[in-house]
Amino acid sequence: MGDHGNATRRGVGRRAVLLGGAAGALGLGGYVARDRLNDWWWRYSGVETPRVEGEVDHPGAEWVPASPANYRRASRPRGYDIDRVVIHMPEATYDITLRVFQDPNHQAAAHYVVRSEDGHVAQMVRELDVAYQAGNRGFNERSIGIEHEGWADEPSYLTDTMYESSARLVAGICARYGIPVDRDHIVGHNEVPDVIRICPGPHWDWDRYLELVRSAAAS
């Protein structure tokens with residue numbers, strides 16, 4: 001990743017790992033307890049959608065499952081409409097982000113993680129399921145969260161390849177659920193109600209990104 005060594009060294013030691021991204025859900029408290037009650041309802045209500053182990057929703061994505069403690073099984077969009085995409089930046093490297101989302105003590109994860117260097121996409125939570133990624137229960141239930149490797153104050157992570165890969169991912173999500181490609185429906189984590197975050201940060205180029213999503217949707 002070129003000159004990202006400094007950030008990588010910071011990655012493990014920083015208490016801020018994922019502070020700007022899905023760790024907005026770290027202060028879940030009773031929210032997680034309520035979601036787990038809902039999880040039991042979905043498991044035993046007879047409405048859970050059948051699933052295939054290792055199956056991904058985005059063609060070409062690698063299945064890297066998050067800990068079950070970091071999301072809630074559901075049957076979206078039958079159970080909840082999906083009408084938002086939330087863009088995150090984890091304040092961490094790709095590898096560290098995967099490890100954190102596989103840690104059951106973290107109690108947060110995003111559906112997807114996109115690598116900076118080559119745009120590789122890992123899917124960690126099925127789109128069917130509610131990932132604890134936005135720090136807001138209503139947004140968790142209605143949205144799909146995507147982490148993009150990097151730090152909000154380091155634009156070098158925002159590679160052309162990552163933007164393009166993420167745009168293809170979001171174009172597919174929008175097509176699957178009829179989500180408009182605009183800033184009302186594709187939002188930053190910092191725009192989620194009642195959540196104080198900066199991610200994806202001031203260097204994220206929203207105009208360019210939406211154009212890429214529209215172009216990918218038209219191809």
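This passage walks through the fold of the protein, from its overall make-up to its sheet and the helices packed on that sheet. The model is a predicted one.

Taken as a whole, the protein is built from 6 helices and 8 strands. Going along the sequence, these elements come in the pattern α-α-β-β-β-α-β-β-β-α-β-α-β-α. The chain runs to 219 residues, and 53% of them count as buried. About 9,600 Å² of the protein is exposed, with carbon and sulfur atoms supplying 50% of that area. As for contacts between residues at least 6 apart in sequence, 79% of them link residues that sit at least 24 apart.

Now for the sheet. Six of the strands line up as an open sheet with mixed pairing, in the order β1-β5-β4-β7-β3-β8. The edges are taken by β1 (62-63) and β8 (186-188); each has a single partner strand, so one side of each goes without a neighbour in the sheet. For β8, pairing with strand β3 (residues 84-88) is parallel and spans 3 bridges. Within this pairing, V85 has I186 of β8 as its bridge partner.

Two helices can be described against this sheet. Helix α3 (residues 94-101) packs on the sheet and touches β1, β4 (112-114), β5 (121-123) and β7 (143-148). The direction of α3 makes about 165° with that of β4. Helix α6 (residues 206-218) packs on the sheet too, touching β3, β7 and β8. Here the angle between the directions of α6 and β8 is about 150°. Strand β7 thus turns up in the contacts of both α3 and α6.

Technical notes: Residues are numbered from 1 along each chain as its sequence is written. This is a predicted model: local features need pLDDT of at least 70, side-chain atom pairs count only at pLDDT 80 or more; totals for chains, interfaces and linings use all residues. Side-chain values use heavy atoms; hydrogens and water are left out. Helices (H or I, at least four residues) and strands (E, at least two) are DSSP runs, numbered from the N terminus. Buried means under 20% relative accessible area, exposed over 50%, partly exposed in between (1.4 Å probe, protein chains only). Contact means heavy atoms within 4.5 Å. Accessible areas come from the Shrake-Rupley method with a 1.4 Å probe; for residues, only the protein chains shown count as cover. Two strands pair if DSSP finds at least two bridges between them. Axes are lines fitted to C-alpha atoms, for helices over the stretch in contact, and angles run from 0 to 180 degrees between N-to-C directions.
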